[in-house]
Protein chains: 2
Amino acid sequence: MINNKNKIWKIGLVGFGNVGQGFVRILALKKDTLLKRYNFRFKLIAIADPIKGSVYDPEGLDEFRLIELIENKGNIKSYPKGRKDIDSLTLCRSNDIDIIVEVTPTNVETGEPGLTHIKEALKHGKHVVTSNKGPIALAYPELKELAKKNRVMLRFEGTVLSGTPSLNLILEAMAGVDVNKIEGIVNGTTNFILTKMEENMSYEDALKEAQRLGYAEADPTADVEGWDAAVKAVILANVVMKGKITIKDVIRKGITKVTLNDVEDALRNGQRIKLIARVVKEGDSIKASVKPERISLSHPLANVMGAINALTFYTDNLGPVTIIGPGAGRIETGQAILTDILAIHRYYSES
Amino acid sequence: MINNKNKIWKIGLVGFGNVGQGFVRILALKKDTLLKRYNFRFKLIAIADPIKGSVYDPEGLDEFRLIELIENKGNIKSYPKGRKDIDSLTLCRSNDIDIIVEVTPTNVETGEPGLTHIKEALKHGKHVVTSNKGPIALAYPELKELAKKNRVMLRFEGTVLSGTPSLNLILEAMAGVDVNKIEGIVNGTTNFILTKMEENMSYEDALKEAQRLGYAEADPTADVEGWDAAVKAVILANVVMKGKITIKDVIRKGITKVTLNDVEDALRNGQRIKLIARVVKEGDSIKASVKPERISLSHPLANVMGAINALTFYTDNLGPVTIIGPGAGRIETGQAILTDILAIHRYYSES
């Protein structure tokens, strides 16, 4: 531990969409609690977002004011103080910042712009916390090495199951176990649709309901074809099992061909259809798949309904351990960012 | 972080019963993995147990040899090297030791001998890792203060749900959330008996079966009357919710009066009887209870069967988060000890 008891952590936020807004809302509401409970002092000194607006003030931004502006105007361009000409790369290289929170939109093909942001921040000696799946799925080994070389932390709990502990659970809270298999329900949209189908709603109607509730995008391909779950399987394989797989290595089948008949037939046989992401280690090889499967009602994942997610880690010393919680949401993912920042605080300053 | 990359952690083990043996077995099997994966170097330099024997060797003990002796002779008195006249208090005060692992039998009335061991070790600047429920349930605020004063860590993941993450889960992997309620199945013996009763076995026969399998003691009072679960409720209340309750504050009812009729009647109504430990925060007051309850089959804890345990944390930012895993066992609790030691290693030496 560094004996720097009253350090004020200076945070820069790259991206101010749902997750960034959720995170800032939590910071606003928990400022006093974070000081009292964790002796955590911080200043959010900059936000950079090409659509919502950018602002930089080394004195610290007012989180309540930012949320108010987003709610009332949809952007922060009229924030009353600070410089507005800041861009995301300048932020990632700024000497003023200790921690970069990278929450730009996920691109699983190029990882950009997140990948460049994260690399630049690490190279410039900043800790990085992200919920951006693209860069982690595409470049985890390289980014990990870069963080190590620059003696900073790269944390990304929010990439899998939002704030429900998944990576921190297995890597830290279960440190020392060996994992030979991971199974999970890691996409809320598809689990919601399958749950509705058990209530006798057709696939098409269930999808519409998911879209109405904001669980599914207008173009639902990433969810219903299993791409989102496959990206998470890649992250689990590479981070937890030290694999080097890519999304092309994941055997992937979505839920678009699951019929009401299939769902009913499973139920009649004491089973349920779930979109199961699975990563299995066999010797030095890792196999990953995402596909709809019939599981028994007594299976640890069988009772995970609606938009809730879950992961089961099959371990040597503990057998199967299952965690169940939310898999998405702005506050839920903002919570993942907060947890990771508090971990950096625990490691790098003495309380 | 302290820049002490290749520190060799010197460990002293106080108590060599089930948990101590499980822990040493894990150390023996994982020595190479721990070095490669975590850069964790250690020497187990002493064990003190009034029945199994004591041995001290600053060069480090041979874990495989210790396990072999226990398995073949039931004690380690004929270990071929080292001093045999070491006692537990001397160990807790020894300048040679960095981490004391306290795993003597639990006494929930006095906390002894664990309480004295832990206090002495902390006072002498040693980190302490324990699975001993007595001292934590009785004296957590005092012990925490003592650890802080001496700038060392006191960790006790194994006191609740063995190696299944419970305290580290909520305090670290979900740092930043507020918890207003905790519900759980925290005693494997009673859950096993209730599960067997659903298979139409009488309470008496199910208890005998639990005793035959080693889940229940010859005197099953601590389990079936809810004392064990009540102690865990006290730990959860005081550690997670910063309470100051004692076991006398827990409303406690065991399962001895649950009949086959009760179990069947619940099932007919789509419910299940479970021994639920519950801790609720209402303003500044904390209420804790342990009692058999009817829960709906869709309740997060309803599918937790047999000797498996589970906890649901009701949080502000994540809603309910449930963890399911083993609640007891020598290897499972040994794993909790290992996880806590690796946490100390992460905080106090740079890898």
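Here is a friendly exchange about the structure shown above.

Colleague: Before we start, what kind of model is this?

Modeller: Residues are numbered from 1 along each chain as its sequence is written, while chains are lettered from A and ligands numbered from 1 in the order in which they are written. Local features need pLDDT of at least 70, side-chain atom pairs count only at pLDDT 80 or more, and totals for chains, interfaces and linings use all residues, as this is a predicted model.

Colleague: Happy with that! Which residue of S5(A) stands opposite Glu102(A)?

Modeller: Strands here are DSSP runs of E with at least two residues, and helices are runs of H or I with at least four, numbered from the N terminus. Strand S4 (residues 99–102) of chain A runs parallel to strand S5 (residues 127–130) of chain A, and four bridges join them; strands pair if DSSP finds at least two bridges between them. Opposite Glu102(A) in S5(A) stands Thr130(A).

Colleague: And through which helix does the chain cross from S4(A) to S5(A)?

Modeller: This β-α-β crossover is right-handed; that is, with the strands pointing away from the viewer, the path from the first strand over the helix to the second runs clockwise. The helix on the way is H4 (residues 114–123) of chain A.

Colleague: Now the two chains. Why do the copies count as related by a two-fold rotation axis?

Modeller: Copies are superposed by least squares on the C-alpha atoms of residues with pLDDT of at least 70 in both. Chain B can be laid on chain A with an RMSD of 0.0 Å, using a shift of 0.0 Å along the axis and a turn of 180 degrees. The two copies are thus related as by a two-fold rotation axis.

Colleague: Which element supplies the largest share of the side of chain B that touches chain A?

Modeller: In total, 35 residues of chain B are in contact with 35 residues of chain A, contact meaning C-beta atoms, placed from the backbone, within 7 Å. Helix H1 (18–38), helix H6 (167–173), strand S12 (319–326) and helix H12 (330–348) of chain B each supply at least two residues of that side. The largest share, eight residues, comes from H12(B).

Colleague: Lastly, is Gly184(B) buried or exposed?

Modeller: Gly184(B) lies in strand S7 (residues 179–185) of chain B. A residue is buried if 20 or more other C-beta atoms, placed from the backbone, lie within 10 Å of its own, exposed if 12 or fewer, and partly exposed in between. With 30 C-beta neighbours inside 10 Å, Gly184(B) is buried.

Technical notes: Two residues are in contact if their C-beta atoms, placed from the backbone, lie within 7 Å.
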